[in-house]
Structures are given as structure tokens and as C-alpha cells.
Amino acid sequence: MAEQQHNLSGIEKIKQASDGLRGEITKSLKDEITGAIREGDQALIKFHGMYQQDDRDRREERAEKKLDRLYTFMIRLRLPGGFLTADQWIAMHEIAGQNSTGVIKITTRQTIQLHGLVKSHIKPTITAFSEALLDSIATCGDINRNVLCSAHPGQSPIHEEIFGYADKISTMLMPKTKAYYEIWLDEEKIADKKEEEDPLYQDRYLPRKFKIAIVIPPNNDVDVFTNDLGLIAIIENNELKGFNIAIGGGMSTTHGNPATYARLGTVIGFVEKGEQTMKAIYEIATVQRDYGNRSDRKLARLKYTVDKYGAAWYKEEVERRAGFKIQDAKPFSFNERRDYYGWQQNDKAAWYYTVYVENGRITDDEKQAVKTALLEVAKTGKCSFRFTANQNVIISDVAAADKDSINAILEKFHITSYTEKTSLIRKNAIACVALPTCPLALAEGQRYMPVLIAKIEPLLDKYGLAEQDIIIRMTGCPNGCARPAAAEIAFVGTAPGKYNLQLGGDRVGMRLNKVYKENLDEPAILTELDSLFKSFASERTNAEAFGDFAMRKNLVTA
Ligand code: HEM
Ligand code: SF4
């Protein structure tokens, strides 16, 4: 049996006393005196897919005027594998315009989120989602989050079968509480609480967030090892055999807390497709539920549970609960980690256009009218949409006969030319949201990354490195929402305008980077990169990737 845990953290008590994640959310919503919701409920709404935030750019001005902070909410959709129909796209476009800032934000976990909802707009937003057959259940909070799957149907002739697992897994790991439907959609209260008894999540849910991704080698586009649970599709003779399972990935660290660290998943073996796979996933979650740390949230992710008890123990415990042996891992390899920009065809002759969307922000700006273009594309009704874990969107499942008309729309709004002319370094870059909405941001993320890249591009040009496929990422704090620890070059915010420069991750996401220099401001970052690119250009061995070069030269130690 799991250890008895004392000193439950505050959030554990809130979850336990929440009456199936209801808390006092209904009362909080009715309270017109504040734009915020009650403190205990702030932890609970995460399980319904929301974060309470405030506009940090306006804190000072509002404080001077003795006004409350400008509270708004971020809401995130549950989209297993990141898929939307054309009609759902149109619905999202309208909802974003009516109820939020208007920006449709593609996240690093293949979903979309809306920012800037005021409290009274949450219910109408969720109602509109529901009318479009969409929901935001369990997209934040201590629970299984949006399940990722390699995005591009051209990645394998059996993409559809593998992609189907994202939905199956998401459904299996949904909470049983009907709170979401009661609170946000005004459905009848259930008469018999037994209906929502939850053998998986019980009354305290998981100790911390739980992230799953499915990948189709050889492209590690979803960064499978950064997840609590990674599934690596094993395909033999064009047939899905099952999955290698990796456990214990996670990016987050806390500055100044050496007990926290980024970790890549450990492959513990292979399970056959179908029932074995589903059982293994379920029991990996139950072991974490029973053994994860519930007193210190900073040490509560599955990665710490694996390291505390050992991967071999974890595997045996899963086997004991599932009632079968996990087999030896099957061979697999990755050779890239990227999106396939532009037009590509899959084996069924359908066409796919991957649009480059800077930091996943779908909006119309001076560079491209991507929001209007995608609405026009959706209105043709001749495609669907898939999001990538690199914050891009794929216009999908286009018949050959419709390709030209869709391409004409993309050209009209400069999407094709923008995607084509954008530099490789920019296309490979991801940054988290950070300021002004994220309460945890220490430095800028998506607002600053494009500016910094514009200064990095000339350095690469100077040393003839523009064709290098370098993976570069930025976050506003060490929580790691843009998976910085798995990048070749990462900037992790430490204070306004200051970043740790991290180097040495590999190109395919199987080696972490390490801190190279701390607390650099922009001039220092550019000076460092200039000298690093200079030596890389002259001292790299044939086709050596930048991250590998940094390791070989012992710029950081593995
Ligand atoms: C202690 C750890 C973490 C905390 C407390 C945390 C908290 C947050 C918060 C508050 C936001 C909202 C920012 C905004 O939209 O204004 C956010 C965004 C997000 N986080 Fe995290 N996060 C953590 C770690 C991670 C990690 C490790 C990942 C994935 C590798 C991740 C994935 C995301 C994604 C996909 C978003 C959406 C925004 C985007 O794509 O840029 N988070 N996180
Ligand atoms: S990495 Fe930090 S700053 Fe960026 S979104 Fe995540 S929590 Fe916020």
C-alpha cells in the first residue's frame, strides 16, 4: 500500500473538500463586487480548463487609482491530438472575437486557448464551446491534461489508427464528476452521487498535472520524453504493434531549489496495442496517484515518484496492478523534431498545408492576416485543422481537387510567402505566453522572442549558419511551458530582461541542455551567441548539430 502521507498541501485539502470540483464556484460567479473568484475556487476552476489571471501591464496604474486588479480568465480546450473540424474552427473564431482578446492561441500542447475573458463571459464561452461539441474539461489542474499525438497524417500510413489513441486515452482518463455540466452548462444536479464515484481520481485527483503524448518515429514532433507518460508507436510492416512506454518526463524546475530538476522520460518497456496499452496507461496513473508526493507540490510530478522508488519498481507495480508483464522495449529511433511546413501529401493522396504561426498567436498583424485567412479557408468546408506541439496549424485533409482554391486563399493573405520566407531558426522557435497574463512570469516570453530572433538571424547569417535547423526556445520562468530544457539553445527568464542561457540539448529531444551562463541581458546574450556561432562555424565536424557541438566542446557538462 502507498505510504501514508502527512502534511497534505493546501490544494490537496481544497480538492478533497470540493464536492467533486464544485467548491463555491457558482457563488463566486455571481459575486459582482469583484472580477475575481474566491481563492479556493481558483484551484478548482483549473480542472474545468481555466486559470484566473490579471493584466500585469496594468497592475501599477490600477493600484495608483486604488482599483482592483484587472482580472480575466484564460480558457483552454480539450482537443486530443489537436483536431478541429472546419465548422468548429468557424465557431472558435466567433467565440474568440465575442468573448476574449480575439487571439486564438495555439499552445505547445496541441490545443488552443483564449485569453482575457471577464468573469461574466466564461459561461457563454463554455456554452458556445458545447454547441460546437467542444469542451475544456481537465485541461489544467491535477489531472490528465490534453493528450498529444504526432500531428501530421503524412507521418505514417497508419496515422489515423495511432491518432485514435489520443481520444481513447483522453476519454478513459476523464474525471467522473458532472460538476462541469452543472456549473457551466446549467444541467440538472445529479440525484445520486454514486453516479460520479471516481475509482481513478477518487476525491483528491492526482498529486500534480499529468501529461501524455504519443509519437510516431522518426519525427519526435511532440517531444515525447518531456511528458509524464510518453508512448512511442512501434510499427512493423506498416502495422501498429503497440507502444514503448516512457515515464517520468517533465520540464519544470524552481530557481534556487536544487531538489527540482528537468527530466526526460525513461523507457520502461513495450506493451501491445489495444487493451494492454490502455491498462498500462491507467495503472501508471494509479501508481502516481497513490505514491506521488502530496505535501510538496514542487516535488509532486511523476518524475520525482520514479526517481524516489526507481523505474524498475514503478514498472513492477504497474505490472502487478495491470496483471501482465511489460515486455522489453522495441528498437526505435528519431532523426528529427519538426513541423513539415508548406504543402505535403499523405499516402491516401490528401493534402496538408502547415502554416507557420509565430508563437501560435492566430491574429491579423502587419506580417500576415492569418486569422482572416484561416476563417476563409474554414468557410470552404473542404478541410479540417490540426495543431502541432510547435504551436502551428495544419490545414488538413484537403482533396486534390480543392488544393488550388485553398492555396489561392493562402496566397491572397500572404500566408504562403510568409511561411516560405521565414528563417529556419524562427520556424523552429517556441516561446511561452509569459507576460502580461501569466502570473508566474519573471521575464517576457512570446512578446520578446520575435524581437530577439530578429537580432540572432544576422549572427547566423554572418557565419553562414542560416540553414542550420537549430531548436531554440524561451520561457518567462523555469516552469518550462515551452519545453526549454529540451532545446539546443534555451532562454529561461530569471528577472525582467534577464535569462539563463542553456545549451547542449540534442536535435531530437533525447538529451537535456544545461545552464551555460546565468542572468544575461540582451547585449550579453548576443555577445555570447556571436562567439558561440563563430566557433561552431569553424570547429564543427561534418553535419554536427549545434547542441551536439556544445556538448562535445564541454561548454556545458552532461
Ligand atoms: C510548475 C510547472 C508549471 C506551472 C505552474 C505552469 C503554469 C502555467 C500558466 C499559469 C500558464 C498560463 C500562461 C498564460 O496563458 O498566460 C501556462 C501555460 C502553458 N503551460 Fe504551463 N506551467 C508549468 C509547466 C508546464 C510545462 C512543463 C509544460 C509543457 C511542457 C506546460 C505547458 C503549458 C502550455 C502548453 C501552456 C499554454 C501556453 C503556451 O503554449 O505558451 N506548462 N502554464
Ligand atoms: S514558463 Fe513560466 S512564464 Fe511561461 S507560461 Fe509557463 S509559467 Fe508562465
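A residue counts as buried when its relative accessible area is under 20%, as exposed when that value is over 50%, and as partly exposed in between. With that in hand, N519 is easy to place: its relative accessible area is 42%, so it is partly exposed. The structure discussed here is a predicted model, and N519 makes a handy way into it. The residue belongs to strand β20, which covers residues 514-520. Its backbone is a bit out of the ordinary run of things, in that phi is positive, near 50°, even though N519 is not a glycine.

A138 shows a positive phi as well, about 60°, and it isn't a glycine either. Its setting is the loop between α6 and β6. The relative accessible area of A138 is just 3%, and because the limit for buried is 20%, A138 falls in the buried class. The loop from α6 (119-131) to β6 (148-149) also holds D142. This aspartate has a relative accessible area of 2%, so it too counts as buried. D142 has company there: its side chain makes a polar contact of 2.9 Å with the side chain of R297.

Next come the ligands, starting with ligand 1. This ligand carries an iron atom, and the protein offers that iron a single donor, the SG atom of C481, at 2.2 Å. C481 sits in the loop that runs between β17 (472-475) and β18 (489-495). Around ligand 1 there are 26 residues, and the ones that come nearest are H115, K209, K211, T437 and C481. Sorted by class, the shell has nine nonpolar, ten polar and seven charged residues.

Some of the contacts with ligand 1 can be spelled out. The side chain of K211 places an N or O atom 3.4 Å from a nitrogen atom of the ligand. V433 takes part through its backbone, with an N or O atom 3.4 Å from an oxygen atom of ligand 1. C438 does likewise, its backbone N or O atom lying 3.4 Å from an oxygen atom of the ligand. As for secondary structure, β1 (50-54), β2 (71-76) and β5 (112-117) are the elements that give two or more residues to this shell.

Ligand 2 has a shell of its own, made up of C432, A434, C438, L440, A441, T475, G476, C477, N479, G480 and C481. Here the classes come out as seven nonpolar and four polar residues, with no charged ones. C481, the donor to the iron of ligand 1, is thus met again among the residues around ligand 2. C438, whose backbone approaches an oxygen atom of ligand 1, is on the list for ligand 2 too.

Two cis peptide bonds deserve a mention. One runs from L435 to P436, with omega near 10°. P436 lies in the loop between β16 (430-431) and α16 (449-462). The other joins P217 to P218, again with omega near 10°. For P218, the surrounding loop is the one between β7 (212-215) and β8 (229-236).

Then there are the rings. Searching the whole structure turns up 24 aromatic pairs. Take W343 and W351: they meet edge-to-face, with 6.2 Å from centre to centre and 85° between the planes. Both of these tryptophans are buried. Elsewhere, ring pairs tie Y291, Y309, W313 and Y314 together into a cluster.

Charged side chains get in on the ring contacts as well. K330 is found over the face of F270, 4.8 Å from the ring centre. In a similar arrangement, R386 lies over the face of F163, at 5.2 Å from the centre of that ring.

Last up is N392, in the loop between β14 (384-387) and β15 (393-398). Its relative accessibility is 0%, so N392 counts as buried. Set against K279, which is 113 residues away along the chain, N392 has its C-alpha atom at a separation of 32 Å.

Methods
Residues numbered from 1 in each chain as written. Chains lettered and ligands numbered in written order. Predicted model: local features only at pLDDT ≥ 70, side-chain atom pairs only at ≥ 80, totals over all residues. Heavy atoms only, no water. Phe/Tyr/Trp six-rings, centres within 6.5 Å; stacked < 30°, edge-to-face > 60°. Buried < 20%, exposed > 50% of the residue type's maximum accessible area, 1.4 Å probe, protein only. Lys NZ or Arg CZ within 6 Å of the ring centre and 35° of its normal. Donors = N, O, S within 2.8 Å, 3.2 Å for Na, K, Ca; no water. Helix = DSSP H or I, 4+ residues; strand = E, 2+ residues; numbered from the N terminus. Near = heavy atom within 4 Å. Polar contact = N/O pair within 3.5 Å; in protein donor to acceptor, adjacent residues only side chain to side chain. Nonpolar A, V, L, I, M, F, W, Y, C, P; charged D, E, K, R; others polar.
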